[in-house]
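I opened my notebook on this one with a few things to look up. Here is the structure, with my entries after it.

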Amino acid sequence: MKPQPIAYADASPEVKAVYDDIMQSRGLTDVNNFWKYLANDPKGLKRTWESVKEVMAPGALDPVVKEMVYLAVSVTNNCGYCIASHSAAAAKAGMTPEMFAELMAVVGMANETNRLVNGYRVPVDPQFA
């Protein structure tokens with residue numbers, strides 16, 4: 001069975017309430033496909049949206065930093081949808097092409113050195129513990 005997206009018109013009242021909150025919070029006229037697919041599990045949809053709202057809300061980190069961290073993790077996890085979505089969100093929050101290039105350099109370097117450390121089984125230095 002392949003899950004199908006749940007359109008607003010076909011959504012349960014519980015799902016419509018989450019969709020309405022997403023659209024109002026983000027100034028949208030429709031929700032993204034991510035939410036439409038998650039709507040197959042209304043409780044999971046609500047839980048995920050509440051968590052995203054909490055984690056991505058303004059805080060000690062600037063919105064652009066949060067989106068760039070999300071983008072970096074998405075690149076590392078090879079999530080094409082998340083890369084597209086959070087690249088757009090990061091750009092909207094103020095990420096420049098130069099920032100993106102530096103971010104990709106850091107992501108690439110971190111992945112390379114992480115694999116080297118794992119391969120060589122490098123022990124953690126006492127001053128880092």
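**Entry 1: a salt bridge and its two ends**

Is Asp 30 buried, partly exposed or exposed? I looked up its relative accessibility, which is 35%, so Asp 30 counts as partly exposed. A reminder to myself before going further: this is a predicted model.

Next I asked what the side chain of Asp 30 meets, and I found Lys 36, in a salt bridge of 2.9 Å from N to O. I then checked the lysine end. Lys 36 has a relative accessible area of 14%, and the limit for buried is under 20%, so Lys 36 is buried.

**Entry 2: the other salt bridges**

How many salt bridges does the structure hold? My search gave 3. I had already noted Lys 36 with Asp 30, so I turned to Lys 53.

The side chain of Lys 53 meets that of Asp 21 in a salt bridge, 2.6 Å from N to O. This pair links distant parts of the chain, with Asp 21 in helix α1 and Lys 53 in helix α3, 32 residues apart. Lys 53 also meets Glu 50 in a salt bridge, at 3.7 Å from N to O.

Why are Glu 50 and Lys 53 separated by about one helical turn? They are 3 residues apart in helix α3, and that spacing is the reason. Salt bridges with shared partners join Asp 21, Glu 50 and Lys 53 into one network.

I also wrote down the exposure of each member:

- Asp 21 is partly exposed, at 21% relative accessibility.
- Glu 50 is partly exposed, at 36%.
- Lys 53 is partly exposed, at 29%.

**Entry 3: nonpolar cores**

Which residues make up the largest nonpolar core? I counted off 12 residues, among them Val 15, Val 18, Ile 22, Met 23, Trp 35, Leu 45 and Trp 49. Helices α1 (13-26) and α3 (42-56) each supply at least two residues of this core. Helix α1 gives the most, with 5 residues.

There is a second, separate core of 8 residues, which includes Met 68, Ala 72, Met 95 and Val 107.

Back in the largest core, I picked Met 23 for a contact check. Setting aside neighbours within four places in sequence, Met 23 is in contact with Tyr 8, Leu 28, Thr 29, Asp 30 and Val 31. I was pleased to meet Asp 30 again here, after its salt bridge with Lys 36.

**Entry 4: aromatic rings**

How many aromatic pairs does a search of the whole structure find? I got 4. One of them joins Phe 34 and Trp 35, edge-to-face, at 4.8 Å centre to centre and with 75° between the planes.

I compared the exposure of the two partners. Phe 34 counts as partly exposed at 34% relative accessibility, whereas Trp 35 is buried at 3%. Ring pairs link Phe 34, Trp 35, Trp 49 and Tyr 81 into a cluster. Trp 35 and Trp 49 had come up before, as members of the largest nonpolar core.

**Entry 5: helix α4**

I moved on to helix α4, residues 63-76, where Ser 74 lies. Is Ser 74 buried or exposed? It is buried, with a relative accessible area of 4%. Leaving out neighbours within four places in sequence, I found Ser 74 in contact with Cys 79, Cys 82 and Ile 83.

Val 69 is in helix α4 too, and it is partly exposed, with a relative accessible area of 45%. What does Val 69 help to make at the surface? I found a nonpolar patch of about 300 Å², made by Leu 61, Val 65, Val 69 and Val 73.

**Entry 6: positive phi values**

Last, I looked up backbone angles. Asn 78 is not a glycine, yet it has a positive phi of about 60°. Asn 78 sits in the loop between α4 and α5 (80-93) and counts as exposed at 65% relative accessibility.

Arg 121 is also a residue other than glycine with a positive phi, near 55°. Arg 121 is in the segment after α6 (97-120), and its relative accessible area of 73% makes it exposed.

Definitions and conventions
Residues are numbered from 1 along each chain as its sequence is written. This is a predicted model: local features need pLDDT of at least 70, side-chain atom pairs count only at pLDDT 80 or more; totals for chains, interfaces and linings use all residues. Side-chain values use heavy atoms; hydrogens and water are left out. Helices (H or I, at least four residues) and strands (E, at least two) are DSSP runs, numbered from the N terminus. Buried means under 20% relative accessible area, exposed over 50%, partly exposed in between (1.4 Å probe, protein chains only). Contact means heavy atoms within 4.5 Å. Patches are made of residues with over 30% relative accessible area and no salt bridge: like charges are joined within 9 Å, nonpolar side chains (Val, Leu, Ile, Met, Phe, Trp, Tyr) within 5 Å. Accessible areas come from the Shrake-Rupley method with a 1.4 Å probe; for residues, only the protein chains shown count as cover. A salt bridge is a side-chain nitrogen of Lys or Arg within 4 Å of a carboxyl oxygen of Asp or Glu. Rings of Phe, Tyr and Trp (its six-membered ring) pair if their centres lie within 6.5 Å; planes under 30 degrees apart count as stacked, over 60 as edge-to-face and the rest as tilted. A nonpolar core is a set of buried Ala, Val, Leu, Ile, Met, Phe, Trp, Tyr and Cys residues joined through side-chain atoms within 4.5 Å.
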